[in-house]
Amino acid sequence: MSDSARKAAFLALQRIEKDGAFSNLALANLRSLPEKDASFATTLALGVTERKRALDYFIGRYAARRPEQALLQLLRLGVYQIMYMDRVPDSAACDQTVTMAKELFDVKRAGFVNGVLRALCREKNAAERALEQQPAAIRYSVGDGILSLLQEQYPGVWEDILASFGVRQPLHLRVNRLKATPEALAERFQGELDGEMLTVRAPEMQAEAVRGAKDGEYLIQGYGSQMAVRMLGAKPGETVFDVCACPGGKSLGAALDMENRGRIRSTDLHENKFSLLHRSAERLGVTIIETAARDAREADPALRGKADRVLCDVPCSGLGTIAAKPEIRYKDPASFEGLIDTQKRILASSATYVRPGGVLLYSTCTLNRAENGEQVRAFLQTHPSFTLEEEHTFLPFEAAGEGFYAARLRRS
């Protein structure tokens, strides 16, 4: 693999750690690389972010001192290749990392890197066994705060949750019956069919499915998101509001359930966020979605009681998406507190749009119960005209492959 891929991964990691960039944005620049280099660099950057605490443990075993931030990042790159990438020879991982150290720093630091990596290679098996004896936060490479939250809220399965975040997840497709049949796509991608949901597990089939999404025969959409749309239950001819719509997957899923008949009003805070939704709708052949910029925390009095169904997929801490966004592993749960009031306001304003007998669907992509069931029960105490019909917490080690919460409320 070329040195340019490793350098690109290093720069992306610096953006994630030093500048606080989201991993998906930091990795966007890698698209300019050749396909194989881009894939390798992406694997490196996400892997190092995912395993950061374990990598630092390995480095600490052989480094006499903790190196400065940038040098530590480079060491993590080398250690990740040695410990977690079987297809990269240990010698290549060492040599390439030392060469980068010479280019980015100096000969002295390159010697330091060489010493740490060579020592790790000599004692690789012993280091692996030693890691298994470390505290859970290091073994699973997660922040102490996130670990405590999961242990408290999911006492019987927290280890299953954390272990699942390090496993390759299946790819879920939402079939577009306007252009294709579920059976044909299931045969094409050797997938498992559940209604309009197709689960693709084979890596080569996943890659083909990603490339083929441009044809509009299906929508790539997570298990939890598809289940939320299924719980919403939109029907042809209805009026549906999606108040936090972007990037738009749930609006599109509802449109497919409606057979592209009816009306969907998709809103989000900024107008420029709708470009992806518009392109996806055109690709799928969906024409019933209208978009508008609006702050979901403030209700529009002109739309009171106008919707048959309202989808309220609120901003959240994202704990269910750690597998795809590994930087979330190290967040401080105290930073989630501001989200609670935002979610409460969005849920309350969204409720005003629901006609009598209509449905309000509340969903998040987090496992934090304060943002899920507790939020819904607080809403029900102040809105007696609504009743809880159904709720689910989808755990990542189950069929979901991600953590997700959804609750369907009915207005009497």
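## A walk through the predicted model

Start at Pro247, which sits in the loop that joins β5 (239–242) to α15 (249–257). This is a predicted model, so please read every stop below in that light. With Pro247 selected, look back at the bond that leads into it: the peptide link from Cys246 to Pro247 is cis, and its omega is near 10°. Most peptide bonds are trans.

**Next, select α15.** Moving on from Pro247 along the chain brings you to this helix. Is α15 mostly covered or mostly open? Mostly covered: seven of its nine residues are buried. To see them, highlight Lys250, Ser251, Leu252, Gly253, Ala254, Ala255 and Leu256. Note that the buried set includes Lys250 and Ser251.

**Step off the end of α15.** Just after the helix, select Glu259, which takes a positive phi of about 55°. Then select Asn260, found in the loop between α15 and β6 (263–268). Asn260 has a positive phi too, near 60°, although it is not a glycine. Most residues other than glycine have a negative phi. Which side of the burial cut-off does Asn260 fall on? Its relative accessibility is 17%, so it counts as buried, the limit being under 20%.

**Compare with Gln190.** Jump to the loop between α12 (182–189) and β2 (192–194), where Gln190 lies. Here is another non-glycine residue with a positive phi, this time near 55°. Its setting is exposed, with a relative accessible area of 59%. So the two stops contrast: Asn260 is buried, while Gln190 is exposed.

**Now a covered glutamine.** Select Gln226, in helix α14 (residues 223–232). At 6% relative accessibility, this residue counts as buried. What lies around Gln226, once residues up to four places away in sequence are set aside? Show His172, Leu173, Arg174, Glu196, Met197 and Gln221, all of which it touches. For Gln221, draw a distance from its backbone oxygen to the side chain of Gln226: a polar atom there is 3.0 Å away.

**Go to α7.** Select residues 107–122, a helix of 16 residues. From first C-alpha to last, α7 reaches 22 Å, close to the 22 Å expected at 1.5 Å a residue. Begin at its N-terminal end, where Asp106 acts as the cap: one of the side-chain oxygens of Asp106 is 3.2 Å from the backbone nitrogen of Lys108.

Then colour the buried residues of α7, namely Ala110, Phe112, Val113, Val116, Leu117, Ala119 and Leu120. What do they pack against? Bring up α4 (52–62), α5 (69–84), α6 (90–104) and α8 (124–131), the four helices in question.

Zoom in on Ala110, which is part of α7. With 1% relative accessibility, Ala110 counts as buried. Its contacts, leaving aside neighbours within four places in sequence, are Val98, Ala101 and Lys102. Add Thr99 to the view as well: Thr99 and Ala110 are eleven residues apart in sequence, and their C-alpha atoms are 7.4 Å apart in space.

**On to a pair of strands.** Select β8 (residues 307–313) together with β9 (residues 354–364). The two pair in the parallel sense, over six bridges. Which residue of β9 is the bridge partner of Asp313? It is Ser363. Strand β9 is mostly covered, with eight of its eleven residues buried.

**Finally, zoom out.** With the whole protein chain in view, you have 18 helices and eleven strands in front of you. The radius of gyration of the chain is 23 Å, close to the 22 Å that the globule rule gives for 412 residues, so the chain is as compact as a globular protein of that length. Turn it along its principal axes and the C-alpha trace spans about 70 × 45 × 35 Å.

Two more views of the whole chain are worth a moment. Colour by burial, and 53% of the 412 residues count as buried. Switch on the surface, and you see an accessible area of about 18300 Å², with 50% of it belonging to carbon and sulfur atoms. As for contacts, among those with a separation of 6 or more, 72% are between residues 24 or more positions apart.

Definitions and conventions. Residues are numbered from 1 along each chain as its sequence is written. This is a predicted model: local features need pLDDT of at least 70, side-chain atom pairs count only at pLDDT 80 or more; totals for chains, interfaces and linings use all residues. Side-chain values use heavy atoms; hydrogens and water are left out. The expected span of a helix is 1.5 Å times one less than its number of residues. Buried means under 20% relative accessible area, exposed over 50%, partly exposed in between (1.4 Å probe, protein chains only). Contact means heavy atoms within 4.5 Å. A polar contact is a pair of N or O atoms within 3.5 Å; within protein, one must be able to donate a hydrogen and the other to accept it, and residues adjacent in sequence count only if both atoms are side-chain atoms. The radius of gyration is taken over C-alpha atoms; the globule rule is 2.2 Å times the number of residues to the power 0.38. Accessible areas come from the Shrake-Rupley method with a 1.4 Å probe; for residues, only the protein chains shown count as cover. Two strands pair if DSSP finds at least two bridges between them.
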